[in-house]
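Me: I'm new to this structure and would love a close look at one part of it. Could you walk me through the nonpolar patch on the surface, and then show me the charged pairs as well?

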Amino acid sequence: MSDTHDSAPNSTPSSVHPFAIANYRYFWTARLFAMFSLNAMMLIVGWQAYNLARDSGSSIEQAAFVLGIIGLVQFLPLFVLTPIVGWVADRADRRWIARIVLSGQALVALILALMTYFDAISIISIYAVSALLGIARAFLGPAMTSLAPNLVPADSLPRAIALSTIAWQVGVIAGPAMAGPLYAISPSFPYFICVALFGVATLAMFLISPVPRSMMNRKHGPLKQLVDGLAYVGTNKLVLGAITLDLMVMFLAGAQAMIPVFARDILGSDELALSLLAPAPAIGAVLTGALLSIYPLKKNVGLVMLASMMIFGIGTIGFGLSTWLPLSIICLAACGAADMFGVFVRSSLIQLHTPDEKRGRVNAVSQMTISASNELGDAFTGSLAFIIGPVAAIVGGGAGAIAVTAFWSRLFPQLAAAKTFDQPDHLLKAEPKHSNIENDKTAADAK
């Protein structure tokens, strides 16, 4: 017998905890195991690529550039597919999109496991697999993110977002933490584990029963529907400011791709250090997410986001300058905690202020900016490391993040002015083209 909360989230009492809803529990489980497997897999992919490059005679800078190319290869499919995947997530059953993509990721993990087991892995094959993962992530992100609000009542959504982000971050922690030691036992072992865990995630998605949702207006053609969804982001100044601030800060200050470089050649360590450094940001994020799930952020949300981005830049600078493993871990954990506040604010604004029939397209835009900040940021940092060295690239990126945050606070005053997630319409929307004329007229009338 199904839960009484399974099929009608809007009829669920607003005080209910998201985990009291069976459909949300299945969703959370799928997200946890999917992120666990993906992050374990990507850590080993980067480690293999970096070692292949170094063992073939490449310099540190040249091998770092290889890691940057992996990020670029993942980003390009997502950039091209963003308008399409958002439209698909709004038109098709989001559960089936997730089921198909998770099954595909299990197949990719199996391919990597077999190539590694038979010693057939190469940098070119890693590039090809990274592109496949980029395609899979392009479809999975909008579908999964847009599905969550269909599973819980609106009043429970901020807590559900925090819990969903915890599942994501726990996967980011546990995946790499598991991958390094298992790789030391056998290079193909973590990939085989990922195959099984992607299977668990797929099964969990099959357990989610049909849920009611708003459908997009089908009177308009696909092109008009795409334009409407993308244009919505541009008209919402608060959401636009939050999305683009996250984009710029993570693009400049992302240190994740350089972790293999620091683990092997800056800190002079091995797979154990790799497994400690890689999940450190997520550890800070999970602790922060757990706090937010118990005490959701309700006041001065904009100022909190701006402050957290400043802290992220400071933590990145500390990581770049550190030559002591414990300090490096602490700096990365601080970055993760700061990023979690930004993720929580941005996600809550998008989910609470976007109509359900547009969520797929708006979340696709958000995902593209996140991927641009992560994967394209990896490519940028890798290229910069090739030119000026990895330490200078990381430190410079952290300083750039601080400068961008200060600039964005002036470019989007709606961010600092945002006191709660329930903002008045005039704070959310773009200013009218003739606002100055209208203001002059109002002032004249007052006189």
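Reply: Happy to help! Let's begin with a term we will need: a residue is called buried under 20% relative accessible area, exposed over 50%, and partly exposed in between. Please keep in mind that this is a predicted model.

Now take Phe189. Its relative accessible area is 34%, so Phe189 counts as partly exposed. You will find Phe189 in helix α6. Phe189 is one of the residues of a nonpolar patch on the surface, together with Leu107, Leu110, Ile111, Leu114, Tyr117, Phe118, Ile185 and Phe192. Taken together, these residues have about 880 Å² of accessible area. Two helices, α3 (94-117) and α6 (189-206), each supply at least two residues of the patch. The most comes from α3, which gives five residues.

Next, the charged pairs. Side chains of opposite charge can pair when their charged atoms come close. The structure holds four salt bridges, and three of them make good stops on our tour.

One of them joins Asp55 and Arg264, with 3.7 Å from N to O. This pair links distant parts of the chain, 209 residues apart: Asp55 sits in helix α1 (residues 22-55), while Arg264 belongs to helix α9 (residues 259-266). The two partners differ in how they are covered. Asp55 has a relative accessible area of 59%, so Asp55 is exposed. Arg264, at 26%, is partly exposed.

Another salt bridge is formed by Arg346 and Asp246, whose closest N and O atoms are 3.1 Å apart. Because Arg346 lies in helix α13 (residues 325-353) and Asp246 in helix α8 (residues 237-253), the pair ties together parts that are 100 residues apart in sequence. Both Arg346 and Asp246 are buried.

Our last stop is the salt bridge between Asp93 and Arg95, where the closest N and O atoms are 2.7 Å apart. Asp93 has 32% relative accessibility and therefore counts as partly exposed. Arg95 has a relative accessible area of 9%, which is under 20%, so Arg95 is buried.

To retrace the route in the viewer, start at Phe189 in helix α6 and look across to α3, which gives the most to the nonpolar patch. Then go to Asp55 and Arg264, which link distant parts of the chain, and on to the buried pair of Arg346 and Asp246. Finish at the salt bridge of Asp93 and Arg95. Enjoy exploring!

Conventions. Residues are numbered from 1 along each chain as its sequence is written. This is a predicted model: local features need pLDDT of at least 70, side-chain atom pairs count only at pLDDT 80 or more; totals for chains, interfaces and linings use all residues. Side-chain values use heavy atoms; hydrogens and water are left out. A salt bridge is a side-chain nitrogen of Lys or Arg within 4 Å of a carboxyl oxygen of Asp or Glu. Helices (H or I, at least four residues) and strands (E, at least two) are DSSP runs, numbered from the N terminus. Buried means under 20% relative accessible area, exposed over 50%, partly exposed in between (1.4 Å probe, protein chains only). Patches are made of residues with over 30% relative accessible area and no salt bridge: like charges are joined within 9 Å, nonpolar side chains (Val, Leu, Ile, Met, Phe, Trp, Tyr) within 5 Å. Accessible areas come from the Shrake-Rupley method with a 1.4 Å probe; for residues, only the protein chains shown count as cover.
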